[in-house]
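Visitor: I'm new to reading structures, and I'd like a close look at just one part of this one. Could you pick out the charged pairs and walk me through them slowly?

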Amino acid sequence: MADKEQQQAYPLAPANGYARSDAEAGMADSEELRRQKRKKLLLYIAAFVVFQTAVIVLFSLTVMKVKTPKFRVRSATFVAFDVQPTNPSFALNMNAQFGVKNTNFGPYKYDSNTVYFYYNDIQVGSAVIPKSKANFLSTKKINVAVDLTSANISSNTSLASDLNSGTLPLTSKSRLSGKVELMLIFKKKKSVDMNCTMDVNISTRELQNVKCK
């Protein structure tokens, strides 16, 4: 009887062993799934951080980067035009158009300033630019009347030669001071220097060859 009882007891042992193996295998599979989920979560977090960093860098290099606006002479027409090549002198009334080009993602608000016109470094006229602003990604156009006269030019200059050649060379200089506003919060001071050269064509009474640095 004892032998039969022992023989009946032995078959139960492998069954218990299989049960433990299945449980351990199930635990191992569950742990592996958790590790995979953690890896995926870390990958998602890393990808999000990289994406956010790229967005911030791109935003800083484009939207938040403050560029210096450009201030220059665009064009001009003449209302009064008195040029005397023989007795070298000139008296011109010019309607000049200036431009403030703003390539920033915020308005550029500037103070009033004066544009000076020169012939051979001698001042021959000026124009007052009123206080205003250039909107973001746009060019502010300003029309101003300018009187140009040779009253301050001495007789020993090359004015007679220039007038007889049919071209009066001029330069314009100014400095525009203001602030660029970004997102209605950030303000950055920016000053713009104008340095333009141009020619007045005496025969056609036109402003030509305007070049600005």
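**The salt bridges, up close**

Guide: Let's start with Glu181, which forms a salt bridge with Lys187; their closest N and O atoms are 3.9 Å apart. Keep in mind that this is a predicted model. The basic idea is simple: side chains of opposite charge can pair when their charged atoms come close.

Now stay with Glu181, because there's another partner to meet. The side chains of Lys109 and Glu181 also meet in a salt bridge, at 3.5 Å from N to O. This pair links distant parts of the chain: Lys109 sits in strand 3 (residues 108–110) and Glu181 in strand 8 (residues 167–182), 72 residues apart. Put the partners together and you get a network of salt bridges linking Lys109, Glu181 and Lys187.

How covered up are these three? Glu181 has 12% relative accessibility, so it counts as buried, the cut-off being under 20%. Lys109 comes out at 38%, so it counts as partly exposed. Lys187 reaches 57%, and since exposed means over 50%, that residue counts as exposed. So trace the network in the viewer and you go from partly exposed Lys109, through buried Glu181, to exposed Lys187.

A search of the whole structure finds three salt bridges, so let's visit the pair we haven't met yet. Asp193 forms a salt bridge with Arg175, and here the closest N and O atoms are 2.6 Å apart. Asp193 belongs to strand 9 (residues 186–201) and Arg175 to strand 8, 18 residues apart, and this pair too links distant parts of the chain. Asp193 is partly exposed, with a relative accessible area of 45%, and Arg175 is partly exposed as well, at 48%.

Let's step back for some context. The protein has three helices and 10 strands, and buried residues make up 28% of its 213 residues. Among contacts between residues at least 6 apart in sequence, 65% join residues at least 24 apart.

For a spot away from these charged pairs, try Met94 in strand 2 (residues 89–102). Met94 has 1% relative accessibility, so it counts as buried. Beyond its neighbours within four places in sequence, Met94 is in contact with several residues, including Phe78, Phe117, Val146 and Leu148. Met94 and Leu148 are 54 residues apart along the chain, yet their C-alpha atoms are separated by 7.5 Å.

Methods. Residues numbered from 1 in each chain as written. Predicted model: local features only at pLDDT ≥ 70, side-chain atom pairs only at ≥ 80, totals over all residues. Heavy atoms only, no water. Helix = DSSP H or I, 4+ residues; strand = E, 2+ residues; numbered from the N terminus. Buried < 20%, exposed > 50% of the residue type's maximum accessible area, 1.4 Å probe, protein only. Contact = heavy atoms within 4.5 Å. Salt bridge = Lys/Arg side-chain N within 4 Å of Asp/Glu carboxyl O.
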